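User: I would like to go through the pockets of this model and the terms used for them. Please give the criteria as we go.

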Amino acid sequence: MIYLQLFFSFMKIGFTSFGGMSMVPLILEEMQSHGWMTARDLANLVAIAEMTPGPLGVNCATFTGTQTAGTLGGLVAVLGVLTPAFTLTLVIAIFFEKFKDSAVMRTVMKFVKPVCIAMLLGVLVTLGKDTYFSDGGLLIFSILISAVMMVLLRKYKWSVPKVIGLSALMGILFYGVLPLAQTIY
């Protein structure tokens, strides 16, 4: 019975929230209504989930399910919180496949692609401000790390996890261990 409760509680959270911190009030309501956690427990849960890699909803579901009903409970809660995203993606894929050759869909995609590209460029500019500039100066080691990673990705076909790992090591080395990282004005 507890497994069904976990699944449906987190499925409801997944369907009625927009991810991230918007899930917290819904998680709190579900946890308290079932007596699984107090508000203080949830505050600790959110802190742990924010420090752990991955989406907040999945991390909260994993922790709550595991605390409530062991490993199987964690798995069931994660399946519950992912069911809405999976279901909606599947429905969209079915409709896309059915209408992909229609004139309306082609017209829609002509607008969607540039909007997505613009959104990605916006994120790059926003992140680039903090990554490559500090106090109005240029962070040369950040640019060096980016250039090396681009060469490894494009020319040598390194996998993304390897590039992320090496980037982290170079960042720790240049900005944490060695006093080499300087701002160039």
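User: What makes residues such as Y132 and I145 lining residues of the second largest pocket?

Analyst: A pocket is an open set of points on a 1 Å grid over the protein atoms alone, where a 1.4 Å probe fits, with protein on both sides within 12 Å along at least five of seven lines; lining residues have an atom within 4 Å of a point. Y132, I145, S146, M149, M150, L153, V160, V163, I164 and S167 line the second largest pocket. The model is predicted: local features need pLDDT of at least 70, side-chain atom pairs count only at pLDDT 80 or more, and totals for chains, interfaces and linings use all residues. Numbering runs from 1 along each chain as its sequence is written, and side-chain values use heavy atoms, without hydrogens and water.

User: Which class has eight residues in the lining of the second largest pocket?

Analyst: The nonpolar class has eight, beside two polar and no charged residues. Ala, Val, Leu, Ile, Met, Phe, Trp, Tyr, Cys and Pro count as nonpolar, Asp, Glu, Lys and Arg as charged, and the others, Gly among them, as polar.

User: Why does M23 count as buried?

Analyst: Buried means under 20% relative accessible area, exposed over 50%, partly exposed in between (1.4 Å probe, protein chains only). M23 has 7% relative accessibility, so M23 counts as buried.

User: What is M23 in contact with, leaving aside neighbours within four places in sequence?

Analyst: Contact means heavy atoms within 4.5 Å. On that basis M23 is in contact with I13, G14, S17, G57 and V81.
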